[in-house]
Amino acid sequence: MTDSSRRRFLQSAAALSAAGLAVSHKSVLAADRGPLEGWINHDLHSHTTWSDGAHSLPLHVLEARAYELDAMAVTDHYVPGSKLHDSEEQLDAYLEQIDRERAGQDDCRIIKGVEATVLDATGRISIDARHAERLEWVLCDLSGHSEGTLRHTPADKQAYMENVIRTYLGLCDVDYLDAIAHPFNTGNTTPAAAPADYPERLLRELAAKMAEKRKVFDIINSMIFWFQKTGVPPREITAQYVEMVKLFAAAGVMFQVSSDDHRTGLGNTRWPQLVITRAGVPSAQIVDALAIPRK
Ligand SMILES: [Zn+2]
């Protein structure tokens with residue numbers, strides 16, 4: 001894909017949305033039928049049997065090559081209790097296997113990564129600098145390990161949302177962190193927080209810091225997983241997330257797309273591409289995965 005054709009595609013989507021047309025279902029479909037060459041051809045968040053993914057790493061790499069992705073990051077979970085986190089030998093073996101499986105081919109750039117998790121609302125993270133140094137791409141998510149947000153969720157919804165923002169602000173100060181995995185995955189808790197529930201003032205504060213500290217916003221295909229208990233219709237969740245992405249894009253935040261594949265398909269980034277297109281994110285704010293430094 002040439003850069004100019006991608007730019008044209010994204011600009012036409014941005015023009016549609018600026019004209020208020022993207023809210024009508026028909027025009028959204030028309031925009032969706034844009035040239036396939038406008039597709040962002042990376043998948044920077046995926047799992048194998050090294051954590052809770054369905055496929056072995058060798059098969060995963062073959063899939064990335066077969067699907068003709070430009071770049072794919074293997075980002076197995078690095079959380080307390082997982083083998084990559086708890087065993088130095090297992091981490092060595094994981095990295096060696098990635099090296100082995102990606103060698104001898106130039107079909108797809110295979111990136112060595114992990115998905116760490118945040119441990120508390122100050123932004124303390126499950127991986128340290130020494131281990132992160134061995135990786136090319138480090139993600140961090142909110143999970144059941146994250147005290148004050150998904151773990152021991154405050155009963156007060158405002159307090160909960162303030163904790164989520166405070167956690168992400170803290171993550172921005174972790175120098176070796178590259179991307180925040182599926183931000184605002186806060187729909188399956190009690191109380192639940194949907195994208196539109198967050199105060200705009202707090203979102204703007206976070207967006208400014210993510211842009212300043214160059215923390216990438218990861219849009220995963222399976223985001224609806226995180227809102228399955230809300231009862232909010234999927235298209236409404238999408239519309240809310242598009243508004244959120246617009247706000248972060250306006251602040252200059254960078255984005256990546258991913259499947260967060262466990263068993264739904266490596267390279268399946270249909271939903272992120274819908275969101276990116278509808279939000280009119282400029283191509284200059286999409287991570288150039290081929291430029292991620294090798295280790
Ligand atoms: Zn993941």
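Ten helices and seven strands are assigned in the protein chain of this predicted model. Of the 295 residues in the chain, 46% are buried. Contacts between residues 24 or more positions apart account for 79% of those with a separation of 6 or more.

The largest nonpolar core comprises 77 residues. Within this core, the most contacts are made by Met72, Ile125, Val138, Cys140, Phe217, Val245 and Phe255. Helix α9, spanning residues 234-250, is the element that gives the most to the core, with seven residues. The surroundings of one of the residues with the most contacts in the core, Ile125, were examined individually. When neighbours within four places in sequence are left aside, Ile125 is in contact with Ala116, Val118 and Leu119, with Cys140, and with Leu171, Val174 and Leu177. Cys140 is thus listed both among the partners of Ile125 and among the residues with the most contacts inside the core.

Helix α9 also packs against helix α10, which is formed by residues 270-279. The two axes come within 9 Å and cross at roughly 60 degrees; because this angle falls outside the ranges for roughly parallel, antiparallel or perpendicular axes, α9 is classed as oblique to α10. The crossing of the two helices is right-handed. On the α9 side, the contact is formed by Thr238, Tyr241, Val242, Val245, Lys246 and Ala249, which meet Leu274, Val275, Arg278 and Ala279 of α10. Classified by residue type, this contact contains seven nonpolar, one polar and two charged residues. Val245 is listed in the contact with α10 and also among the residues with the most contacts inside the largest nonpolar core.

Notes:
Residues numbered from 1 in each chain as written. Predicted model: local features only at pLDDT ≥ 70, side-chain atom pairs only at ≥ 80, totals over all residues. Core = buried A, V, L, I, M, F, W, Y, C linked by C-beta atoms within 7 Å. Buried ≥ 20, exposed ≤ 12 C-beta atoms within 10 Å, placed from the backbone. Helix = DSSP H or I, 4+ residues; strand = E, 2+ residues; numbered from the N terminus. Contact = placed C-beta atoms within 7 Å. Axes fitted to C-alpha atoms, helices over the stretch in contact; angles between N-to-C directions. Parallel < 35°, antiparallel > 145°, perpendicular 65-115°, else oblique. Left-handed = near helix turned anticlockwise from the far one by under 90°. Nonpolar A, V, L, I, M, F, W, Y, C, P; charged D, E, K, R; others polar.
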